[in-house]
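Please consider the structure shown below. The paragraphs that follow lead through its loops, its nonpolar cores and one helix position.

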Amino acid sequence: MDFVLSGVAACGACLFTNPLEVVKTRMQLQGELKSRGTYQVYYRNVFHAFYTIGKVDGLAGLQKGLVPGLFYQFFMNGVRLGSYAIIESAGYIHTNGRVSAVKTTLAGASAGVVGAVMGSPVYLVKTHLQSQSTSSIAVGHQHRHEGMIHALKVIYRQHGILGLWRGSSAAIPRVSVGSATQLSTFSSSKELVVDLKVFPQDSWFVPLSAGMISSVMVVLAMTPFDVISTRLYNQPVDHSGKGQLYKGFSDCFSKTLKKEGLTGLYKGLGASYFRLGPHTILSLFFWDELRRLYQKLR
C-alpha cells in the first residue's frame, strides 16, 4: 500500500505541474551547445515560454507528455517514496530517536536509484514528446512521435530493449541526488517544524512547510543533473542507437560546461523551481497526508 499511496500522490502533483515540465524541458534544450548570443531565443523566461507555447502550440501543447508523465510518476515515485516509507517505518533513518542526516541521505539515494531504473523508458518518451513543437519555436532534436505507445514501439523496433533505457546513465545520478536531497531535507525539516512548535504536530501545515524548505534544496542540487538528463534523453541517435551529440553523462557535462559555461548547467533554473518546487511540495504533502489517512482507516 505504501507503493500505491506514493504513486497516487506523485500523479496528483503531476497533473498540476506538467505544463511547467514542458516549459522546463524547452528552456533546457534552447541554445544547446551554443554560446550565448549565437542562437535565437524563443523562450526569454518562464512566463514568456508559457505564453509562447500556449499561443503557438495551443493549450494542449502545455500538457504534452502528460500520459507518460503520469506513468513515470506512478512507477518511479511509487517505488522511490514507497521504498523510503518502508525504510522510515522500520526505523532505519533514526539514531537515538532523532532523524539521521546520513541515513536519510543514503536511504533517499538508494530508493531514487531503484525508481530511476524502473521509470527510465517512460521518462525517455516523455522528454521526446515534450520537446516536440511547431517548427517556428522548436528547440532540440524533434523526434515526431504520435504518442506514448507509438514512441515505445518505434524505439523498441529500431534499437531493441536496451534502446528503451537510453539516457539512464544520467537518470540515475539525477534522481539519486534529487531523491537524497528531497527526502533527507523533508524528514529533517518536518522534525524541525515540529520542534519549533510553529504548528500543531498533526497539522497539515507541518508537511507543507517541510515540503517548501525541501523544494529549494532540491532545485539547487538537481538542476545541473536535470539539464544533462534532458539532453541525453532527447539527443538524436544513429542506426546503432549511439548518441550523435554526447557519448554519455560526463561527455555531456563537459561539453555543456565548455560551450555554455556554468550558466548552461543551470538553464531553466526558474522553470525548474516553478515546476520542481510545487511538485515537491504537492507530492510530499499528498504522500504524507495519504499515509496518515491510511493509518487512521486501518
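Leu33 belongs to the loop that joins helix H1 (2-29) to helix H2 (46-56); helices (H or I, at least four residues) and strands (E, at least two) are DSSP runs, numbered from the N terminus. This is a predicted model, in which local features need pLDDT of at least 70 and side-chain atom pairs count only at pLDDT 80 or more, while totals for chains, interfaces and linings use all residues. Residues are numbered from 1 along each chain as its sequence is written, and side-chain values use heavy atoms, with hydrogens and water left out.

Most residues other than glycine have a negative phi. Leu33, however, has a positive phi near 55°. Leu33 is partly exposed, at 21% relative accessibility (buried means under 20% relative accessible area, exposed over 50%, partly exposed in between; 1.4 Å probe, protein chains only). Asn96, in the loop between strand S1 (94-95) and strand S2 (98-99), also has a positive phi, of about 55°. Asn96 counts as exposed, at 78% relative accessibility.

The largest nonpolar core (a set of buried Ala, Val, Leu, Ile, Met, Phe, Trp, Tyr and Cys residues joined through side-chain atoms within 4.5 Å) has 15 residues, of which Tyr72, Val125, Ile155, Val175 and Tyr233 touch the most other members. Helices H3 (66-89), H4 (101-131), H5 (148-163) and H6 (168-196) each supply at least two residues of this core, and H4 gives the most, with six. Apart from this core lies another, of 13 residues, including Leu29 and Val139.

Ser229 is found in helix H7 (residues 205-234) and is buried, with a relative accessible area of 0%. Beyond its neighbours within four places in sequence, Ser229 is in contact (heavy atoms within 4.5 Å) with Tyr123, Ala170, Ala171 and Arg174.
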